[in-house]
Protein chains: 2
Amino acid sequence: MNDVARQAGVSLKTVSRVVNGETTVDPALAARVREAVASLGYRPNLGASLLRRADQRTGTIGLLLPDLVSPFSAALHRAIDAEVTRRGAQVLSGNVGHDPARERDLAETFARQHADGLIITPVAARQSHLAPDIPAVFVDRRARGWPADTVLATNHAGAKQAVEHLQRHGHRRIAYIGTMPGARRHGYRRAMAAAGLVKVERNDPEQALLEAPTALFTESRTVTVAAIRALQAAGMQRRVALVGFDDFPLADLLDPGITVVAQDPVAMGRAAARALFERIAGGTAEPRVISIPTTLIARGSGEVAIRGS
Amino acid sequence: MNDVARQAGVSLKTVSRVVNGETTVDPALAARVREAVASLGYRPNLGASLLRRADQRTGTIGLLLPDLVSPFSAALHRAIDAEVTRRGAQVLSGNVGHDPARERDLAETFARQHADGLIITPVAARQSHLAPDIPAVFVDRRARGWPADTVLATNHAGAKQAVEHLQRHGHRRIAYIGTMPGARRHGYRRAMAAAGLVKVERNDPEQALLEAPTALFTESRTVTVAAIRALQAAGMQRRVALVGFDDFPLADLLDPGITVVAQDPVAMGRAAARALFERIAGGTAEPRVISIPTTLIARGSGEVAIRGS
DNA sequence: CTACTGCTAGACAACGTTGTCTCTCGATGT
DNA sequence: ACATCGAGAGACAACGTTGTCTAGCAGTAG
């Protein structure tokens with residue numbers, strides 16, 4: 001900035017004024033300054049600026065996601081990005097990859113980079129490591145040890161709806177496939193108990209098929225795909241019904257099309273971004289949970305007829 | 001830092017030493033300092049540190065991708081992330097979304113945040129806007145106006161291989177579907193010309209099918225999926241052959257499985273990260289192009305028998 | 001017992017920027 | 001003609017940190 005001032009023949013402070021778009025500068029001087037800025041390739045030092053400045057905003061939002069490859073995360077990212085960009089800020093994202101240490105490191109990095117706020121799908125056991133002075137919003141999972149707005153799909157209701165859908169199609173031996181505790185599993189249990197049916201819960205489709213179920217309900221996209229493979233390998237894709245939690249691309253092009261409980265990542269992302277901007281603006285309301293409804297999309301695999309045994 | 005020094009009863013500089021892990025501090029003092037740091041929730045100011053510091057490294061790599069939703073980008077991101085993390089640095093990524101202005105803004109942001117380097121899939125017409133003092137590596141596309149290492153798939157050879165594969169299966173009316181100029185289209189033309197066949201190039205599968213081709217070669221995943229839909233809609237998925245450029249999840253579960261020319265995003269990401277670290281370390285070799293081979297994966301759609309017409 | 005060495009810890013300046021204060025100069029009102 | 005005012009521009013300090021220099025002190029050799 002010194003060099004710019006020298007080349008433009010003005011004081012340091014005047015350069016600062018021009019760079020910051022203050023109006024109390026003679027247009028002729030301002031032009032000279034801008035010219036010097038361009039010719040020297042001057043770039044303001046964010047750190048120094050932040051150091052001195054009162055308003056600490058950087059226009060940057062940090063996004064921490066556990067899995068970049070998942071279409072759900074990707075859609076969420078895109079929705080958040082759209083909403084944040086619409087408000088003139090930027091999203092920088094980091095890949096946590098289910099590693100608690102990386103969640104901590106990345107959050108720390110964003111904090112040091114003076115992100116205005118964070119949107120996080122928590123993977124660590126507790127989130128108490130987060131910087132207390134940076135607003136955060138959680139999405140897709142609940143956090144622990146750090147009260148903040150949380151955006152969730154209606155996991156329990158969605159799972160219940162999926163199982164009831166299978167029950168309506170006559171299924172009574174419905175297996176749950178998945179490895180996580182949580183609302184989806186709980187929704188399955190609730191629906192099965194309500195109908196007086198025996199619960200069958202397994203970690204993977206191969207194990208589940210040993211129990212001769214007539215229908216499968218899968219906890220997540222990964223498991224759904226594993227189940228499709230297992231059914232195709234056994235040639236049973238038209239004999240055993242399948243409903244998966246979480247939609248995915250090409251689900252409609254498979255044969256049969258895969259019936260899913262679709263989340264709404266666009267609405268979730270938008271809600272998360274909005275909640276975050278409210279916090280950044282100084283909102284101090286009690287932390288709340290925002291629920292985004294799921295939708296059952298019937299495509300065939302969830303409606304295969306039950307075999308007379 | 002002042003507060004920490006006061007609480008620990010030491011000087012400012014000693015706190016600095018402890019925070020930076022210098023060894024010339026009495027262990028007892030260091031322990032007092034660390035305790036004070038923890039109890040006050042002190043977080044060093046990156047900006048101020050960078051301001052004073054000689055070594056300007058931040059351990060941060062910026063990644064600019066055009067499309068988060070594409071499995072190729074996601075895989076690339078993951079591979080880069082793995083390689084960068086392995087070297088103790090972090091990746092922060094931004095979604096450019098095919099918008100040249102956002103490419104510029106995000107690159108600018110990363111520059112201001114003192115990223116050590118950038119990995120970019122260029123979308124803008126020219127990359128001359130990039131900060132000259134920050135090493136950059138391009139991946140998946142060539143840049144213009146900014147010489148740097150570039151990692152590319154063997155697009156020309158891959159396309160040629162795909163078309164030759166179809167020719168070997170007896171196809172003579174092979175349509176190219178895609179909208180971009182470039183090496184893939186050029187590879188198609190080369191292979192067709194070499195076999196003395198008539199080129200049919202169209203923007204979308206519906207138009208291409210009007211020409212009654214016996215085989216389709218699609219330029220990218222998006223187009224491949226559109227072609228699958230079109231073929232299924234017309235019930236022709238077993239009569240018209242299809243080879244797509246770029247692999248995608250579930251390609252093997254479709255019926256027929258989709259034959260593709262697979263890129264190797266893992267190798268590409270790793271190569272890009274390695275090239276970048278060489279530049280960061282001060283490598284000044286002539287910019288080079290690193291080619292990563294593609295592989296044809298036969299799954300059925302590219303091998304459907306040609307109908308005796 | 002003195003001079004020297006080695007090591008720890010503090011004082012001070014400087015990094016690049018901006019908030020505040022002050023100065024200059026021309027315009028306005030009486 | 002004189003006092004007053006406002007707008008534009010510069011001087012200066014301060015933000016939080018670290019590189020450099022120096023002071024203090026204990027241990028060691030002569």
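Mentor: Helices (H or I, at least four residues) and strands (E, at least two residues) are DSSP runs, numbered from the N terminus. By that numbering, B:Pro256 sits in the loop between strand E9 (241-245) and strand E10 (259-262) of chain B. The model is predicted: local features need pLDDT of at least 70, side-chain atom pairs count only at pLDDT 80 or more, and totals for chains, interfaces and linings use all residues. Residues are numbered from 1 along each chain as its sequence is written, chains are lettered from A and ligands numbered from 1 in the order written, and side-chain values use heavy atoms, with hydrogens and water left out.

Trainee: What makes the peptide bond between B:Asp255 and B:Pro256 cis?

Mentor: Its omega is about -5 degrees. In chain A, the bond from A:Asp255 to A:Pro256 is also cis, with omega near 0 degrees, and A:Pro256 lies in the loop between strand E9 (241-245) and strand E10 (259-262) of that chain. Most peptide bonds are trans, and most residues other than glycine have a negative phi.

Trainee: What is the phi of B:Asp246?

Mentor: B:Asp246 has a positive phi of about 90 degrees, although it is not a glycine. B:Asp246 also lies in the loop between E9 and E10 of chain B.

Trainee: How do you know how the two copies are related?

Mentor: Copies are superposed by least squares on the C-alpha atoms of residues with pLDDT of at least 70 in both. A turn of 180 degrees and a shift of 0.1 Å along the axis lay chain B on chain A with an RMSD of 0.1 Å. The copies are therefore related as by a two-fold rotation axis. B:Gly47 has the C-alpha of chain B nearest the axis, 1.8 Å from it.

Trainee: Why do the copies meet through the same surface?

Mentor: Contact means heavy atoms within 4.5 Å, and 44 residues of chain B are in contact with 45 residues of chain A. The surface is the same because 100% of the interface residues of chain B are also interface residues in chain A. The two chains bury about 4100 Å² between them, 55% of it on carbon and sulfur atoms; buried area is the accessible area (1.4 Å probe) lost on putting two parts together, summed over both.

Trainee: Why is the pair A:Asp81 and B:Arg102 called a salt bridge?

Mentor: The term requires a side-chain nitrogen of Lys or Arg within 4 Å of a carboxyl oxygen of Asp or Glu. The closest N and O atoms of A:Asp81 and B:Arg102 are 2.7 Å apart, so the pair qualifies. The count between chain B and chain A is eight salt bridges. H6(B) gives the largest share of the side of chain B that touches chain A, eight residues.

Trainee: What makes a residue near DNA strand C?

Mentor: One of its heavy atoms must lie within 4 Å of the strand. Of the 25 residues around DNA strand C, A:Ser16, A:Tyr42, B:Thr14, B:Arg17 and B:Arg52 come nearest. Sugar and phosphate make up 58% of the strand's atoms that come within 4 Å of the protein.

Trainee: How far is A:Ser16 from a phosphate oxygen of DNA strand C?

Mentor: A polar side-chain atom of A:Ser16 lies 2.6 Å from that oxygen. A polar contact is a pair of N or O atoms within 3.5 Å; within protein, one must be able to donate a hydrogen and the other to accept it, and residues adjacent in sequence count only if both atoms are side-chain atoms. A backbone N or O atom of B:Thr24 is 3.3 Å from a phosphate oxygen of DNA strand C, so that pair meets the cut-off. A polar backbone atom of A:Ala48 is 3.4 Å from a base nitrogen of the strand.
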